[in-house]
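Welcome to a short set of exercises with worked solutions. Keep the model open beside you and try each task before reading on.

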Amino acid sequence: MKKLQSLLIGILAIILILFLGVQQLEKASGMSGADTLTIYNWGDYIDPDLLRKFEKESGYKVNYETFDSNEAMFTKIQQGGTAYDITIPSEYMIQKMMKEKMLLPIDHKKLKGIENIDDRFLNLDFDPQNKYSIPYFWGTLGIIYNDKFIGEDEIKHWDDLWKPELKDNLMLIDGAREVLGLSLNSLGYSLNSKNNQELREATDKLNKLTTNVKAIVADEIKMYMINEESAAAVTFSGEAAEMLDGNEHLHYVIPSEGSNLWFDNIVIPKTAKNIKGSYEFINFMLRPENAAQNAEYIGYSTPNKAAKKLLPKEISSDEQFYPSDEVIKHLEVYEDLGAKYLGIYNDLFLEFKMYRR
């Protein structure tokens with residue numbers, strides 16, 4: 001009996017030592033504690049000077065980590081481990097995280113500057129009353145092309161991507177929702193379709209596009225287009241803005257028949273440890289001068305109407321990146337499709353990528 005007691009005491013002692021060791025490791029790496037704010041964001045999605053400014057103003061040490069997809073972010077937060085105080089998912093993923101009860105409700109009494117957000121970007125279907133999220137950036141999916149290879153009137157619609165003149169000269173973004181969505185839109189269908197016949201038609205049409213596709217890539221699109229290694233590409237508006245800065249022959253088009261209107265919003269995960277710091281960061285980013293600095297640095301569109309007034313006129317008046325209400329009304333926001341149809345989209349996209357022309 002004494003041997004058993006000694007064994008149990010020894011096991012408990014080891015557990016205690018390991019627990020204390022993990023705590024010390026987290027503190028040493030800045031992953032926990034009231035003096036640290038742990039942010040999980042997309043790569044290259046905030047001006048680093050703003051992080052330094054926030055640290056100086058708030059006194060917090062910012063522990064900043066990045067992800068490359070909504071799904072990767074969701075999985076890591078769901079699995080636990082690091083207690084993120086802030087993350088910035090897209091609209092359909094916010095819906096999913098709400099359903100999974102992974103988010104803390106936003107206490108609007110603690111917000112300073114929410115009145116700076118344009119009413120068009122508040123109270124949207126994916127988060128009514130902004131109960132769980134605060135707008136950060138928004139944008140569109142469209143086509144970027146080089147006028148040295150393609151005339152200005154030759155690229156206006158999704159169907160133009162199938163033109164034989166683009167043989168082996170088109171880049172596609174590596175995303176199932178984006179690529180299946182553009183094909184669905186080109187057929188007059190919703191990019192949130194759950195109609196199996198429509199999805200089959202969209203995939204069959206995509207298979208005919210393979211003769212034009214040079215590559216299906218991600219961030220590399222920027223380099224390829226700036227270096228004029230491709231005539232056209234499908235990309236997001238903020239990425240396009242960076243490309244336009246790098247090459248005067250590039251232009252961005254939002255197809256008039258419809259496309260994706262996306263939103264990335266700030267949320268507070270349920271596992272957050274520094275709630276006070278989370279609100280300080282949200283309020284910091286709601287300040288017009290900070291939101292404007294971030295928008296000018298990143299290239300995406302700010303939902304902060306007060307910040308937009310501070311941007312250079314050539315940016316704020318550019319309808320490629322701040323489209324009119326007339327254009328916006330033809331755009332769709334991605335919805336959470338659920339596990340079944342997300343799997344179907346992924347499978348059809350894989351079929352397209354493996355298709356041999």
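Is Arg200 buried, partly exposed or exposed? Arg200 is partly exposed, with a relative accessible area of 30%; here buried means under 20% relative accessible area, exposed over 50%, and partly exposed in between (1.4 Å probe, protein chains only).

Before the other exercises, a word on the ground rules. This is a predicted model, in which local features need pLDDT of at least 70 and side-chain atom pairs count only at pLDDT 80 or more, while totals for chains, interfaces and linings use all residues. Residues are numbered from 1 along each chain as its sequence is written, and side-chain values use heavy atoms, with hydrogens and water left out.

**Exercise 1. Find the salt-bridge partner of Arg200 and say which parts of the chain the pair ties together.**

Step 1: the side chain of Arg200 meets that of Glu351 in a salt bridge (2.6 Å, N to O). The term stands for a side-chain nitrogen of Lys or Arg within 4 Å of a carboxyl oxygen of Asp or Glu.

Step 2: Arg200 lies in helix α6 (residues 196–207) and Glu351 in helix α14, so the pair ties together parts that are 151 residues apart in sequence. Helices (H or I, at least four residues) and strands (E, at least two) are DSSP runs, numbered from the N terminus.

Step 3: Glu351 is partly exposed, with a relative accessible area of 30%.

**Exercise 2. Examine the salt bridges Asp49 to Arg52 and Asp336 to Lys99, and place each pair along the chain.**

Step 1: Asp49 and Arg52 meet through their side chains at 2.4 Å, N to O. They are 3 residues apart in helix α2 (residues 48–58), which means a separation of about one helical turn. Asp49 is partly exposed at a relative accessible area of 42%.

Step 2: for Asp336 and Lys99, the salt bridge has an N to O distance of 3.3 Å. This pair links distant parts of the chain, 237 residues apart: Asp336 is in the loop between α13 (325–328) and α14 (338–354), and Lys99 is in helix α4.

Step 3: Asp336 is buried, with a relative accessible area of 17%, whereas Lys99 counts as exposed at 58%.

Step 4: now widen the search. The whole structure holds 18 salt bridges, and shared partners join Glu57, Arg287 and Glu289 into one network.

**Exercise 3. Work out the strand order of the sheet that contains β1, and say which strands stand at its edges.**

Step 1: 3 strands form an open sheet in the order β2-β1-β3, with parallel pairing. β2 and β3 stand at the edges, each with a single partner strand, so one side of each is left without a neighbour in the sheet. Two strands pair if DSSP finds at least two bridges between them.

Step 2: β1 and β2 pair over 7 bridges, and Trp42 stands opposite Phe67 in β2. β1 and β3 pair over 2 bridges, and Ile39 stands opposite Ile86 in β3.

Step 3: 7 of the 7 residues of β1 are buried, so β1 is largely enclosed by the rest of the structure.

**Exercise 4. List the buried residues of helix α3 and explain why they can be assigned to one side.**

Step 1: in α3 (residues 70–79), the buried residues are Asn70, Met73, Phe74 and Ile77. They lie on the same side of α3 because they cover an arc of only 100° around the axis; the arc is that of the directions from the helix axis to the C-beta atoms.

Step 2: these buried residues pack against β1 (36–42), β2 (61–67), β3 (86–87) and α4 (91–99). Just after α3, Gly80 takes a positive phi of about 85°.

**Exercise 5. Describe the surroundings of Asn146.**

Step 1: Asn146 lies in strand β4 (residues 134–146) and is buried, with a relative accessible area of 0%.

Step 2: leaving aside neighbours within four places in sequence, Asn146 is in contact (heavy atoms within 4.5 Å) with Glu228, Ala231, Asn247, His249 and Leu250.

**Exercise 6. Decide where the coordinates call for caution.**

Step 1: the chain averages a pLDDT of 91, and 90% of the residues score at least 70. pLDDT is the predictor's confidence in each residue, from 0 to 100.

Step 2: over residues 19–31, pLDDT stays under 50. Where pLDDT is low, the predicted coordinates should not be read in detail.
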